[in-house]
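Visitor: I have a structure open and would like to learn how to read it. Could you walk me through it, one feature at a time?

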Amino acid sequence: MAELVDGDKAALDRDFEELYKSHLRDVYSYSYYRVGNHHDAEDLTEQTFLQAYRHFERAQRESQGRPLRPWLIRIAHNLAANYYRDRSRKPQTQLEDAAVVSEPHPTDELVEQREELEEVLTGVANLPDDRREALIMRFALDMDNREIARALGRTEGATKVLIHRAIRQLEESLKAEEPA
Amino acid sequence: MSDVERFDVERLLRSALVPVEPPVSLVDRLERRLTEKVDIAAEELADWELGAMRDPRNWGRTAAAGMVLAAAGGTLVLVRARQQHKKRQAGALKALEHSIEDVSSDIRKRLGR
């Protein structure tokens, strides 16, 4: 720390604050869909930013100007992996607080829509880890292939294939759920 | 898989995987912890400073580190702005910065700079 001059340190902290403000929702959304409940998603988000703060200087230096969102999500990804390993938990997906419909007296149409989305979330939760994560990054965080590739440590080509296969597998599982 | 089917699955995914807003309690807690980390870093530096002051070989480094401490005390400004109760601590930190600056100034005079 003593190697930093005051201007560098102030600029670094301003940059971190910008990163925090820009991507708090991304990290929280990713965490929520990974662990499936708000309590653990909060812990995961908190730990992600605390760890990011610790390593921010080096990450910024090595990023060569590229966006740091994939790096941030990768931290959350690693922490989530530890979360499952340490607690022997499986991901769970709850719809209630996350998305869509919260009408006190839902209409039939809303009930149907809600059920449909619950099926999708269940299907996502049952995908292999890498496919599930890729879909969360693509659809909840609106990350492009390049960003997802960096977050997952894969090539862009491999990421494109991963997402394609994830969607296809999900589609097949949804079709299997449909009544004959 | 047809394009229509693919489109439908993607549409469903977009509807299901909506971004989730973090709760206010998390925002407050996280910002408090990040601010504390900055303060702790500054305090650790100050502790090192005061210890190092006893050794004349460190006087040069002390003056430089005092500048870093001043910077650390001013970090995460917007985060701090949300935390009114932190203002009192910031005031105490400022007093510490001033005392370090005074000492640094004294060192510079002694060294004839």
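Visitor: Let's begin with contacts. In chain B, what share of the contacts with a separation of 6 or more comes from residues 24 or more positions apart?

Guide: Keep in mind that this is a predicted model. In chain B, 73% of the contacts with a separation of 6 or more join residues 24 or more positions apart.

Visitor: Which elements make up chain B, and how many are there?

Guide: Chain B has 5 helices and 0 strands, and along the sequence they give the pattern α-α-α-α-α. Of its 113 residues, 29% count as buried.

Visitor: How should I read the confidence in chain B, and where is it lowest and highest?

Guide: Begin with the average, then go element by element. Chain B has a mean pLDDT of 61, and 27% of its residues score at least 70. Helix H3 of chain B (residues 59–73) has the lowest confidence, with a mean of 47, while helix H1 of chain B (residues 3–16) has the highest, at 78. Then look for low stretches: pLDDT remains under 50 across residues 62–75 of chain B, where the model has 49 contacts beyond four places in sequence. Residues 84–93 of chain B are also below 50, and that stretch has 7 contacts beyond near neighbours in sequence.

Visitor: And what are the values for chain A?

Guide: Chain A averages 85, with 82% of the residues at least 70. Within chain A, the lowest helix is H4 (residues 108–125), at a mean of 83, and the highest is H6 (residues 145–152), at 96. For the complex, the predictor gives an ipTM of 0.80 and a pTM of 0.69.

Visitor: How do I describe two helices that pack together?

Guide: Two numbers do it: the angle between the axes and the distance between them. Here, H6(A) packs against helix H7 of chain A (residues 156–177) at about 100 degrees, and the axes are 8 Å apart. H6(A) is therefore roughly perpendicular to H7(A).

Visitor: Which residues make that contact?

Guide: H6(A) contributes A:Asn145, A:Arg146, A:Ile148, A:Ala149 and A:Leu152, and H7(A) contributes A:Glu156, A:Thr159 and A:Lys160. By type, the contact of H6(A) with H7(A) has 3 nonpolar, 2 polar and 3 charged residues.

Visitor: Which residues of H6(A) are buried?

Guide: They are A:Glu147, A:Ile148, A:Ala149, A:Arg150 and A:Ala151.

Visitor: What is the phi of A:Gly153, just after H6(A)?

Guide: A:Gly153 has a positive phi of about 70 degrees.

Definitions and conventions:
Residues numbered from 1 in each chain as written. Chains lettered and ligands numbered in written order. Predicted model: local features only at pLDDT ≥ 70, side-chain atom pairs only at ≥ 80, totals over all residues. Helix = DSSP H or I, 4+ residues; strand = E, 2+ residues; numbered from the N terminus. Buried ≥ 20, exposed ≤ 12 C-beta atoms within 10 Å, placed from the backbone. Contact = placed C-beta atoms within 7 Å. pLDDT = per-residue confidence, 0-100. Axes fitted to C-alpha atoms, helices over the stretch in contact; angles between N-to-C directions. Parallel < 35°, antiparallel > 145°, perpendicular 65-115°, else oblique. Nonpolar A, V, L, I, M, F, W, Y, C, P; charged D, E, K, R; others polar.
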